[in-house]
Amino acid sequence: MNLKKIVAAGIAAVCAVSMAACGGSGSGSSKVTDIQYKDIKLGQTGKDIKANLKLFSHRTDMLKNDYPGTTWKQYIAEFNKTYPNIKVTVEANSDYANSAMTRLQGGDWGDIMMIPAVDKAELQNYFISYGSLGDMNKEIKYAVNQSYQKKVYGVASVGNASGIVYNKRIFKEAGIDKLPTTPKEFISDLKAIKEKTKATPLYTNYAAGWTMGAWDAYIGGTATGDPNYMNNVFTHTKNPFKDPGDGTHAYNVYKILYDAVADGLTEDDYSTTDWETSKNKLNSGDIATMVLGSWAVSQIQSAGDNAKDVGYMPFPISVKGKQYATSASDYAYGINKNSSTTNQEAAMIFVKWLTEKSNYAYNEDGVSIAADDDKLPDLYSDFKNVKLIADEPAPDGEEDLFNDLNSDSELNINTGGDSRVQSIVEHAANKDESYNDLVKEWNQKWNDALDSEGVDTK
């Protein structure tokens with residue numbers, strides 16, 4: 001049994017023995033509120049509630065008064081115009097993926113948290129249900145992502161489409177008048193940027209670690225055009241990292257990174273990259289491209305005086321001549337099962353307000369979570385000919401299969417697999433291991449995991 005499973009099992013055991021041990025503010029209640037997300041009418045429901053809530057978040061930047069976007073303080077002040085008696089305090093951690101798991105085990109995280117990478121079967125041990133999957137699909141996008149046995153335990157904070165942040169001025173200076181749609185075209189454009197401008201063509205952001213995990217987001221629908229791929233195909237495929245021979249799939253996503261580093265199209269010393277200063281450098285044109293989710297665009301636009309130069313392009317892979325972009329949810333709000341029923345109800349009201357009234361998604365240049373809001377922010381102007389697709393859920397009984405295979409293989413795709421992606425940069429720069437040898441290792445680890453879980457393969 002791997003560490004993640006041990007931690008999850010341990011948390012479940014602690015909660016089973018003592019419900020109070022896993023409580024948040026106002027904890028100690030073994031009851032769960034009867035109110036559901038669909039029942040809440042903002043401005044009417046819960047007007048008489050008095051509560052003090054604590055939100056544990058990954059957004060440390062929004063706690064700073066000089067954050068160029070809307071801060072937590074500003075959101076809460078606006079919320080209190082409608083609900084003056086529901087007070088909200090926010091705590092954030094920059095190493096959220098790890099700290100959230102530890103805090104779950106300790107039970108001191110409060111009333112609302114961004115749900116970390118726990119198995120879906122464990123969701124009910126920590127969080128209340130917002131309602132049935134059928135009802136929640138009518139209310140929000142991505143409802144299935146944090147659901148188990150047809151109940152929804154998390155509401156996404158924002159949706160992101162996968163692409164690449166780029167500097168429009170630098171592309172123009174390099175003579176690039178058409179955005180790349182294939183890996184070959186992208187590498188060619190990076191070479192033109194190196195030859196004709198002073199910008200670093202592709203900045204890896206290696207040193208930050210977590211930034212490297214962004215590459216994992218492109219291997220599903222973006223690279224295959226198949227919304228069923230990640231949860232229904234990948235989980236039953238041997239050698240999923242092999243070269244399909246047509247410029248698609250995971251092989252060609254990660255190969256872009258390997259080739260860019262090997263060809264000298266990235267920073268001179270990957271070990272000295274810096275996330276905070278990189279935002280200003282892309283804004284000013286010292287960097288041409290960075291592979292990050294759309295959430296990064298607003299931060300980079302506000303990091304200097306050249307917001308109009310910062311754009312967002314589709315990831316350069318085409319499937320039979322068509323480009324796709326996976327539209328996926330960011331962290332989702334989960335409400336503590338062991339908070340008081342009053343705090344649970346107040347928390348659900350706050351989450352619904354963030355989703356429907358706060359403009360949070362648009363402010364962060366993301367896809368709105370409200371089911372009836374399909375308007376896209378301006379940053380997706382380069383996605384006019386791109387089809388946005390969301391991953392389809394795993395079949396009943398396989399809700400945790402991807403997580404199990406991911407953990408068994410220790411590849412940690414989309415769950416903190418930063419060191420695996422960093423290794424691509426290291427071996428490409430040091431020229432001590434070929435890309436195909438790396439792929440061979442990943443395939444073996446995944447195949448071994450398939451065997452250990454007894455998965456039928458195609």
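The second largest pocket holds about 300 Å³ of space (a pocket being, on a 1 Å grid over the protein atoms alone, an open set of points with protein on both sides within 12 Å along at least five of seven lines; a volume is the space filled by probe spheres set on the points, which are joined across faces, edges and corners). The structure is a predicted model, in which local features need pLDDT of at least 70 and side-chain atom pairs count only at pLDDT 80 or more, while totals for chains, interfaces and linings use all residues. Residues are numbered from 1 along each chain as its sequence is written, and side-chain values use heavy atoms, with hydrogens and water left out.

**Pocket and cavities**

- The second largest pocket is lined by 17 residues (those with an atom within 4 Å of a point), and the closest to its centre are Lys 141, Tyr 142, Ser 327, Ala 390 and Asp 391.
- By class, this pocket lining has 8 nonpolar, 3 polar and 6 charged residues (Ala, Val, Leu, Ile, Met, Phe, Trp, Tyr, Cys and Pro count as nonpolar, Asp, Glu, Lys and Arg as charged, and the others, Gly among them, as polar).
- The whole structure contains 2 cavities of 30 Å³ or more (sets of points where a 1.4 Å probe fits but cannot get out).
- The largest cavity has a volume of about 60 Å³, and its lining comprises 6 nonpolar, 3 polar and no charged residues.
- Leu 202, Tyr 203, Thr 204, Asn 205, Thr 211, Trp 215, Met 290, Val 291 and Leu 292 line the largest cavity.

**The four-stranded sheet**

- An open sheet of 4 strands follows the order 10-11-9-12 with mixed pairing (strands are DSSP runs of E, at least two residues, numbered from the N terminus; two strands pair if DSSP finds at least two bridges between them).
- Its edge strands, each pairing on one side only, are strand 10 (200–202) and strand 12 (310–314).
- Neighbouring strands of this sheet are turned by 20° against each other on average, direction ignored (axes are lines fitted to C-alpha atoms, for helices over the stretch in contact, and angles run from 0 to 180 degrees between N-to-C directions).
- Strand 10 pairs with strand 11 (residues 287–290) in the parallel sense over 2 bridges, and Leu 202 has Thr 289 in strand 11 as its bridge partner.
- Helix 11 (residues 275–284) lies across strand 9 (163–167), strand 11 and strand 12, at about 120° to strand 11 (helices are DSSP runs of H or I, at least four residues).

**The three-stranded sheet**

- A further open sheet has 3 strands in the order 4-6-5, with antiparallel pairing.
- Strand 4 (131–132) and strand 5 (147–148) are at the edges with a single partner strand each, so one side of each is left without a neighbour in the sheet.
- Strand 5 and strand 6 (residues 151–152) run antiparallel and are joined by 2 bridges; Ser 147 has Val 152 in strand 6 as its bridge partner.

**Helix packing**

- The axes of helix 10 (residues 249–262) and helix 16 (residues 418–430) come within 8 Å and cross at roughly 35°.

Methods: Contact means heavy atoms within 4.5 Å.
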